[in-house]
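Reader: Could you walk me through reading charged side chains in a structure? I'd like the general idea first, then the case at hand.

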Amino acid sequence: MRNKNMKKALNKTALALLASLTLSLSANAGIKKIPEEYSDNDQAETAKIFYTAAVEPKLVSDLVFAIDDLNINYPHLKRIYLYINSDGGDMDGGQIAYWAVKSSKIPITTVNLSMVGSSASIIFCGAKERLSLPGGKFLLHASSLTGSEGLLRPDDIDNLKKESAMYNQVFFDTYKQCTSYSDQEISKLLYSEGTRLLLTADEVKDKKLISGMANGIEQTPISYYIIEDSE
């Protein structure tokens with residue numbers, strides 16, 4: 001009887017630990033989905049993804065996962081709305097997300113929730129249809145890099161210049177294909193932080209970065225939320 005009671009106690013402890021671990025993982029998760037079960041809305045025709053975070057490798061992986069998940073598991077989807085509010089961040093992550101958006105079989109519409117800045121603008125430009133909510137702001141500027149600690153040697157400077165030029169080329173190519181800015185205008189804004197552009201939705205509409213304004217947030221049966229970990 002004593003062994004039986006001890007076994008029950010151990011089982012309860014194991015279940016409690018498992019529940020605690022599950023809650024912990026859920027609290028720190030970078031992505032949440034509603035509803036969690038695929039069968040709940042397998043006939044859905046629209047879905048949305050909220051990306052309200054910095055452009056970082058893990059969060060970009062979450063975004064790629066959400067796009068792939070929708071493409072693979074929801075055959076009836078006709079449109080994905082990607083709502084972005086981000087100051088930017090990692091340039092490589094921005095490029096990866098750009099190609100994930102651009103390569104989606106299900107058409108993606110990107111929508112500026114409030115701010116699309118720096119490398120987040122690369123993600124934004126991955127979609128053919130690009131919109132903004134009223135009050136949306138866009139920050140277009142040059143790539144900035146931080147050197148290693150201590151003195152910079154000539155080769156360090158050369159490497160930084162090369163890396164900066166490569167990332168600025170990414171901005172240049174992106175803005176070239178998703179705006180009507182001239183080559184000269186793009187080169188000027190990418191030359192220094194002093195020539196950066198902080199633009200309203202109306203201003204970027206004139207330059208074809210967006211095709212129109214969104215009236216509100218679409219109500220869809222499937223939603224993903226990508227946020228920064230709360231640690």
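Author: Happily! Let's start with a term: a helix here is a DSSP run of H or I with at least four residues, numbered from the N terminus. Keep in mind that this is a predicted model.

Reader: How many salt bridges does the structure hold?

Author: The general idea is that side chains of opposite charge can pair when their charged atoms come close. In this model there are six salt bridges. One of them joins aspartate 62 to lysine 58, with the closest N and O atoms 3.3 Å apart.

Reader: Why are aspartate 62 and lysine 58 separated by about one helical turn?

Author: Because they sit four residues apart in helix H2. Buried means under 20% relative accessible area, so aspartate 62, at 11%, counts as buried, while lysine 58 is partly exposed at 44%.

Reader: Which parts does the pair of lysine 78 and glutamate 45 tie together?

Author: Here the closest N and O atoms are 3.8 Å apart. Lysine 78 is in the loop between helix H2 (57-73) and strand S3 (79-86), and glutamate 45 is in the loop between S1 and S2, so the salt bridge links parts 33 residues apart in sequence. Lysine 78 is exposed at 54%, and glutamate 45 is partly exposed at 42%.

Reader: And which residues gather in a patch of negative charge?

Author: On the surface, Glu36, Glu37, Asp40 and Asp42 form that patch. Aspartate 40 belongs to the loop between strand S1 (31-34) and strand S2 (46-52), and its relative accessibility of 48% makes it partly exposed.

Methods. Residues numbered from 1 in each chain as written. Predicted model: local features only at pLDDT ≥ 70, side-chain atom pairs only at ≥ 80, totals over all residues. Heavy atoms only, no water. Patch = residues over 30% accessible without salt bridge, like charges linked within 9 Å, V, L, I, M, F, W, Y side chains within 5 Å. Areas by Shrake-Rupley, 256 points an atom, 1.4 Å probe, with all protein chains shown as cover. Salt bridge = Lys/Arg side-chain N within 4 Å of Asp/Glu carboxyl O. Lys, Arg positive; Asp, Glu negative; His and termini not counted. Charge placed at Lys NZ, Arg CZ, Asp CG, Glu CD. Helix = DSSP H or I, 4+ residues; strand = E, 2+ residues; numbered from the N terminus. Buried < 20%, exposed > 50% of the residue type's maximum accessible area, 1.4 Å probe, protein only.
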